[in-house]
Amino acid sequence: MALPKALFTYYCVTTTYEPTGKTVRVTAIKTETKPHSSYSVDGKKNVYRDYFCKKEQAERFAAEIGGDMPWE
């Protein structure tokens, strides 16, 4: 029987730019490895996802770029 894999908590700052403005959201995820930051275009929205190891780093980054910071 295999041992369970270790899960680590990472913090994602999702920034969405759309014609009506910008929103910033901070979420926590648990995964084995830190995800890579990403960018996508979804219709009229540009979505950026930046990942951090520490909650404080993610909150500081979100505050620097502006917008709301609700947790989901």
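**Four strands and a helix**

Modeller: T14 stands opposite R25 in β2, and that's in a predicted model, by the way.

Colleague: What makes β1 and β2 a pair?

Modeller: The bridges. Pairing takes at least two of them, and β1 and β2 have 11, running in the antiparallel sense. So they count as paired strands. A hairpin of 2 residues joins β1 to β2.

Colleague: And how do you know that β3 and β4 pair?

Modeller: Same reasoning. There are 5 bridges between β3 and strand β4 (residues 45-52), again antiparallel, and the cut-off is at least two, so the pair qualifies. One spot to look at is S38, which stands opposite R49 in β4.

Colleague: In what order do the strands sit in the sheet?

Modeller: β2-β1-β4-β3, 4 strands in an open sheet with antiparallel pairing. Neighbours are turned against each other by 20 degrees on average, ignoring direction.

Colleague: Why are β2 and β3 said to stand at the edges?

Modeller: Each has a single partner strand, so one side of β2 and one side of β3 (38-42) lack a neighbour in the sheet.

Colleague: Where does α1 lie?

Modeller: Across β1, β2 and β4, at about 10 degrees to β1.

Colleague: Why is the set with Y11 and F52 called a nonpolar core?

Modeller: The set is Y11, V13, V24, V26, F52, A58 and A62, the largest such core. Tyr, Val, Phe and Ala are on the list of nonpolar types, and membership also needs burial and side-chain atoms within 4.5 Å, so these 7 residues earn the name. β1 (8-18), β2 (21-31) and α1 (55-65) each supply at least two of them.

Conventions:
Residues are numbered from 1 along each chain as its sequence is written. This is a predicted model: local features need pLDDT of at least 70, side-chain atom pairs count only at pLDDT 80 or more; totals for chains, interfaces and linings use all residues. Side-chain values use heavy atoms; hydrogens and water are left out. Buried means under 20% relative accessible area, exposed over 50%, partly exposed in between (1.4 Å probe, protein chains only). Axes are lines fitted to C-alpha atoms, for helices over the stretch in contact, and angles run from 0 to 180 degrees between N-to-C directions. Contact means heavy atoms within 4.5 Å.
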